[in-house]
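Biologist: Could we go through this model together, beginning with its internal spaces and then turning to its sheets?

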Amino acid sequence: MPLDVFDRAPVAVLVTGGVEHRLRYTNNAFRAMFGHRPIGAPVSEALDDLVGHDTLAAFDKALATGRTVRLDDVSTTADGGDGRHERLFRVSLSRVPLQHGGWGLLALVQEVTAQAAAARRLHAMEKELRRLRRRYQSIIWAGAHGVWVTGPHGESRESHGWQRLTGQRPEESFGHGWMEALHPEDRVYAEEWWGKASEQEVPLQEATYRVRTRDGVYRHIRFRAVPVRENGAVVEWVGTSTDVEQEWQEERRRRLLERAAAAASDITNLEEMCQALADVVVPELADTCDVHLLREPNGGLPYTDVIVAERLGCAVSEGIPTLPMLQEHYSAEVLRRAVRQRRPAQMSFPRGRPPFLYPEAISRWLAEIEAHNVVILPIVVEGEVAAVVTACVRGDRPPIGQTDIDLKGQILDHTHDAISNALRFRRTQRVALALQHSLLAEPPHIPGLELAARYQPSPTAAEIGGDWYDAFVLPGGAVKLVIGDVAGHDLAAAVCMSQVRNMLRALAVDRDECPGEVLQRLNSAMEALNGETTVTCALTRVERDAEGLWGLAYSAAGHPPPLLVTGEGEARFLREAGNPLLGLCYEQPWISAVEPLPPRSTLLLYTDGLVERRGEDIGDGLERLRRCAEPLAHEPLDRFCDQVLTGMPVTGEDDVAMIALRVPMEGGYEGVTS
């Protein structure tokens with residue numbers, strides 16, 4: 001239809017065309033609100049005071065998908081008679097066909113500044129009303145002390161103030177009827193106590209129970225009672241009841257914040273810290289608590305409607321089945337709202353029937369535990385939502401109140417720096433591991449020879465770094481095996497490892513030299529390029545001589561010696577070619593050694609994580625390795641490596657890398673380059 005039909009529309013209208021969103025049309029209402037704008041210019045220029053990055057993204061989305069996109073609270077600042085004021089608008093974007101072909105967007109713009117101001121005033125009034133209500137309640141509850149008399153087993157005979165507190169009629173509270181106002185969980189303890197009270201020789205009894213007040217909420221009431229005895233027997237109890245809700249809340253707040261601070265200061269592992277936080281929340285503040293790490297910053301919003309989260313911590317109250325441990329995909333609006341707005345979000349719903357999507361296993365679990373209230377708190381790290389804490393309550397427990405939501409936020413505030421550091425380190429650790437695994441490829445297939453390699457990262461979070469192995473064939477047919485370890489256990493060590501590995505490969509292929517000369521040139525290169533790194537390394541060259549016998553040339557730079565295991569099960573370390581660490585200034589010639597490789601013998605290169613233990617001489621670890629390897633001489637090479645890894649009592653404080661080579665039986669050299 002012609003665009004001039006919108007000229008007299010009471011709502012502001014603009015039309016854009018093409019992927020650049022060039023301004024095609026504005027109606028009278030739009031020009032009255034924003035003035036004349038250049039037709040033909042992209043909206044990013046024509047409406048630069050109105051259109052931000054998020055609004056442009058919404059334009060792109062509406063044009064690409066054809067679905068209507070609505071933007072609430074689009075903000076701009078304009079001059080008024082008494083200065084500049086913020087103006088708020090609601091914008092609806094719909095894709096429309098243009099008269100001369102192609103697609104464009106029809107935008108309806110409605111100013112909602114007055115409505116937003118009214119909403120803010122209403123919110124302020126509600127806040128003031130709540131404050132006045134709390135004041136009023138404080139005044140009322142300050143005088144809500146009661147005095148009562150019971151029989152020897154807790155049966156009420158008279159009371160003053162109890163009916164005012166609970167709303168029970170006198171006839172309802174007589175006898176044991178007053179216990180109906182106690183929380184069901186506390187009622188059990190009260191019944192047990194009164195059943196034994198008359199037999200206890202105590203001058204004063206004190207207990208705190210949750211009591212349902214006349215407005216239906218539970219408050220903590222302290223009961224104090226003294227026995228009245230006749231002839232040594234308790235004939236009645238005289239007591240008082242005092243509202244201690246505020247005192248109890250303050251004590252709980254202090255206790256929980258102390259526990260959260262202790263968890264943040266004593267624990268560095270991210271998973272353990274998240275579990276400790278969940279344990280602080282349950283059961284004090286909720287029946288269940290889960291801490292989720294978002295796979296993408298801000299959950300991937302606004303580019304996706306589904307948030308993928310990895311659960312790192314989970315706690316449930318006693319008697320509740322454990323939440324299924326699985327990777328979770330969320331499309332719940334309450335979660336998206338919490339992540340998008342970066343503040344807590346809450347939702348209540350009928351028991352066991354949340355009005356949002358969960359994985360099937362979790363939906364069944366929510367139904368089983370009769371959950372009815374969920375609160376989600378985002379954890380913001382460096383300006384992005386990196387994790388969320390989800391808490392829910394079930395059964396007869398009331399929904400989580402604003403006081404407890406604020407307390408959860410304070411708990412997270414106490415642990416923010418520790419969680420930030422743990423999350424940052426976790427990301428660095430993943431990058432380091434990815435770099436290591438990208439460089440630790442499977443050994444090449446060499447006809448006639450068997451090769452196997454293993455890499456086992458340290459399970460300790462702080463130990464990720466520079467262990468590596470390598471194997472490659474030289475142009476003449478000789479096989480080079482390398483094992484090395486860069487000093488340090490972090491991302492920098494992994495990066496340095498990749499540089500040293502690649503330099504060693506290039507130097508080993510560049511010239512036909514013995515291993516010691518190659519390591520000497522590598523040391524010179526490291527001194528020129530990076531004079532602060534130290535590296536241990538063992539380099540070997542395996543090849544056949546003219547008679548078809550296999551031989552080994554090797555050199556070690558500050559590295560544990562290679563282990564040679566014969567086919568008969570005799571193992572010994574090759575120690576004849578030791579040199580200093582790489583990265584140190586050393587002017588003397590670097591030495592190499594040669595060693596024959598008997599048929600069916602196994603050569604094992606490894607890093608120090610396999611043999612070193614804190615406080616133990618490394619010689620003990622080497623001897624332990626020798627004894628472990630000898631019985632495995634006849635095992636297939638893959639099993640040999642696996643059994644060495646599982647048989648050695650490694651500490652887990654360091655990575656372990658190893659590479660093994662086995663030469664064939666005598667005469668079994670078909671297909672092997674000589």
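The exchange below covers cavities, a pocket, two sheets and a few single residues.

Modeller: A preliminary remark: this is a predicted model, in which local features need pLDDT of at least 70 and side-chain atom pairs count only at pLDDT 80 or more, while totals for chains, interfaces and linings use all residues. Residues are numbered from 1 along each chain as its sequence is written, and side-chain values use heavy atoms, with hydrogens and water left out.

Biologist: How many cavities of 30 Å³ or more does the search find?

Modeller: The search of the whole structure finds 7. A cavity is a set of points, on a 1 Å grid over the protein atoms alone, where a 1.4 Å probe fits but cannot get out. A volume is the space filled by probe spheres set on the points, with grid points joined across faces, edges and corners. The largest cavity holds about 130 Å³.

Biologist: Which residues lie nearest the centre of the largest cavity?

Modeller: Leu-50, Val-51, Val-74, Val-91 and Val-109 do, out of 13 lining residues; a lining residue has an atom within 4 Å of a point. Helix 1 (28-34), helix 3 (53-65), strand 4 (83-97) and strand 5 (103-111) each give two or more residues to that lining. Helices (H or I, at least four residues) and strands (E, at least two) are DSSP runs, numbered from the N terminus.

Biologist: And what is the make-up of that lining by class?

Modeller: There are 12 nonpolar residues, 1 polar and no charged. Ala, Val, Leu, Ile, Met, Phe, Trp, Tyr, Cys and Pro count as nonpolar, Asp, Glu, Lys and Arg as charged, and the others, Gly among them, as polar.

Biologist: What about the second largest pocket: what is its volume?

Modeller: The volume is about 1,100 Å³. A pocket is an open set with protein on both sides within 12 Å along at least five of seven lines. The lining has 23 residues, with Asp-54, Ala-58, Leu-71, Pro-302 and Arg-340 nearest the centre. By class, 9 are nonpolar, 5 polar and 9 charged. Helix 3, strand 3 (69-80) and helix 10 (333-341) each supply at least two of the lining residues.

Biologist: Staying with helix 10, which of its residues are buried?

Modeller: Val-334, Leu-335, Arg-336, Ala-338 and Val-339 are buried, that is, under 20% relative accessible area (1.4 Å probe, protein chains only). Just after the helix, Arg-342 takes a positive phi of about 60°.

Biologist: Let us turn to the sheets. What is the strand order in the one that contains strand 7?

Modeller: The order is 7-6-10-9-8, an open antiparallel sheet of 5 strands; two strands pair if DSSP finds at least two bridges between them. Strand 7 (156-160) and strand 8 (205-212) are at the edges with a single partner strand each, so one side of each has no neighbour in the sheet. The twist averages 25° from one strand to the next. Strand 6 (146-150) is joined to strand 7 by 4 bridges, and Trp-148 has Ser-159 in strand 7 as its bridge partner.

Biologist: Which helix lies across strand 8?

Modeller: Helix 7 (184-197) does, and it also lies across strand 6, strand 9 (218-230) and strand 10 (233-243), running at about 150° to strand 8. Angles run from 0 to 180 degrees between N-to-C directions, and axes are lines fitted to C-alpha atoms, for helices over the stretch in contact. Helix 8 (245-266) packs on the sheet as well, touching strand 9 and strand 10, at about 115° to strand 9. Contact means heavy atoms within 4.5 Å.

Biologist: And the sheet with strand 17: which strands stand at its edges?

Modeller: The order there is 17-27-26-22-23, with antiparallel pairing. Strand 17 (450-456) and strand 23 (571-573) stand at the edges, each with a single partner strand. Strand 22 (563-565) pairs with strand 23 over 3 bridges, and Val-565 has Ala-571 as its partner in strand 23. Helix 16 (618-629) touches strand 22, strand 23 and strand 26 (602-606), at about 150° to strand 23.

Biologist: Finally, is Val-13 buried or exposed?

Modeller: Val-13, in strand 1 (12-17), counts as buried at 1% relative accessibility. Val-13 and Val-109 are 96 residues apart in sequence and 6.2 Å apart in space, C-alpha to C-alpha. The residues that Val-13 touches include Phe-6, Tyr-25, Phe-30 and Leu-108.

Technical notes:
Buried < 20%, exposed > 50% of the residue type's maximum accessible area, 1.4 Å probe, protein only. Lists of a residue's contacts leave out its neighbours within four places in sequence.
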